[in-house]
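Here's a walk through one chain, starting at its pocket and working out to its cores and loops. Have the viewer open while you read.

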Amino acid sequence: MATGRYWLIKSEPSVYAYAQLEADGRTAWTGVRNFEARNNLRAMTPGDLCLYYHSNEDKAVVGVARVLSKPGADPTAPGEDWASVDVGPVVAFTTPVTLATIKATPALKDFPLLTRSRLSVTPSPVEHFELVLKMGQTKLPKAPASKPKPKAKPRPQP
């Protein structure tokens with residue numbers, strides 16, 4: 001597993017699904033309006049990996065994204081103290097890992113998806129990241145994902 005930090009990021013699939021991230025190649029992770037989640041965004045560094053969770057409709061971890069930029073000001077909130085980073089796709093899960101499956105897995109009882117369920121951006125311990133990846137029958141690619149498109153557009157907000 002690569003060095004760096006691991007995160008869990010959430011998006012409603014009807015707003016910005018993982019498949020859309022794959023199609024776009026990258027996006028600005030904007031619209032976070034919670035102070036703890038904002039501080040988590042500010043702690044991200046390029047190369048960190050993120051479990052991508054579809055909230056509300058699918059309720060499943062469906063892929064892995066990579067942080068592509070240093071944190072900066074959120075362009076959707078000019079003059080306000082919010083943060084954003086650019087993220088790009090790494091790999092879609094072979095098998096989505098549902099919230100029900102996560103809840104039924106004793107080793108994930110302290111997973112931030114369960115303990116900090118209201119946050120859209122949370123750190124993930126490496127052992128949780130690796131276990132969810134394994135449960136999704138997915139391996140990280142050996143080589144970096146294809147080169148992302150150069151300009152990130154903010155993702156739509158719910």
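Which residues lie nearest the centre of the largest pocket? In this predicted model, they are Lys10, Glu12, Ser55, Arg118 and Ser120, out of 22 residues that line the pocket. The space inside comes to about 470 Å³. Sorted by class, the lining is a mix: eight nonpolar, eight polar and six charged residues.

**The overall layout**

Stepping back, the chain has six helices and eight strands. Read from the N terminus, the order of elements is β-α-α-β-α-β-β-β-β-α-α-β-α-β. The chain has 158 residues, and 47% of them count as buried. If you take the contacts between residues at least 6 apart in sequence, 72% of them join residues at least 24 apart.

**Two nonpolar cores**

As background, nonpolar side chains tend to be buried together in soluble globular proteins. Here, the largest nonpolar core has 21 residues, and the members that touch the most others are Ile9, Trp29, Leu41, Met44, Tyr52 and Val121. Two or more residues each come from E1, helix H2 (18-24), helix H3 (35-43), E3, E4 and E6. E4 gives the largest share, four residues. Another core lies apart from this one; it has 19 residues, among them Leu49, Leu51, Phe111 and Phe129.

Tyrosine 52 is a good residue to click on in the larger core. Leaving out residues up to four places away in sequence, Tyr52 touches Ile9, Ser11, Tyr16, Ala17, Tyr18, Leu21, Trp29, Ala60, Val61, Val62, Gly63 and Ala65. Two of these partners, Ile9 and Trp29, also appear in the list of core members with the most contacts.

For the other core, try leucine 49, one of its members. Leu49 sits in strand E3 and is buried, because its relative accessibility is 3% and the cut-off for buried is under 20%. Skipping neighbours within four places in sequence, Leu49 is in contact with Arg5, Tyr6, Trp7, Val64, Ala65, Arg66, Val90, Phe129 and Leu140. Its C-alpha is also 9.7 Å from that of proline 89, with the two positions 40 residues apart in sequence terms.

**Helix H6 and its buried side**

What do the buried residues of H6 pack against? The answer is strand E1 (6-11), E3, E4, strand E6 (83-98) and helix H5 (112-115). The buried residues in question are His128, Phe129, Val132 and Leu133. They span an arc of only 135° around the axis, so they sit on the same side of H6.

Leucine 133 belongs to this helix, which covers residues 126-135. The C-alpha of Leu133 is 8.6 Å from that of glycine 63, although the two are 70 residues apart along the chain. Histidine 128 is also in H6. Setting aside residues up to four places away in sequence, His128 touches Ala107, Leu108, Asp110, Phe111 and Pro112. Phe111, one of those partners, is listed among the members of the 19-residue core.

**Positive phi outside glycine**

Two residues have a backbone angle worth a look. Asparagine 56 has a positive phi of about 65° although it isn't a glycine, and its place is the loop between strand E3 (49-54) and strand E4 (60-67). Glutamine 137 isn't a glycine either, and its phi is positive too, at about 50°. Gln137 comes just after H6, in the loop between H6 and strand E8 (153-154).

Is glutamine 137 buried or exposed? Gln137 counts as exposed because its relative accessible area is 55% and the cut-off is over 50%. Asn56, at 48%, counts as partly exposed.

**Accessibility side by side**

Here are the residues discussed above with their values.

| Residue | Relative accessible area | Class |
|---|---|---|
| Leu49 | 3% | buried |
| Leu133 | 4% | buried |
| His128 | 7% | buried |
| Asn56 | 48% | partly exposed |
| Gln137 | 55% | exposed |

Notes:
Residues numbered from 1 in each chain as written. Predicted model: local features only at pLDDT ≥ 70, side-chain atom pairs only at ≥ 80, totals over all residues. Heavy atoms only, no water. 1 Å grid on protein atoms, 1.4 Å probe; cavity = no way out; pocket = protein on both sides within 12 Å on 5 of 7 lines; lining within 4 Å. Points joined across faces, edges and corners; volume = space filled by probe spheres on them. Nonpolar A, V, L, I, M, F, W, Y, C, P; charged D, E, K, R; others polar. Buried < 20%, exposed > 50% of the residue type's maximum accessible area, 1.4 Å probe, protein only. Arc of directions from axis to C-beta. Contact = heavy atoms within 4.5 Å. Core = buried A, V, L, I, M, F, W, Y, C linked by side-chain atoms within 4.5 Å.
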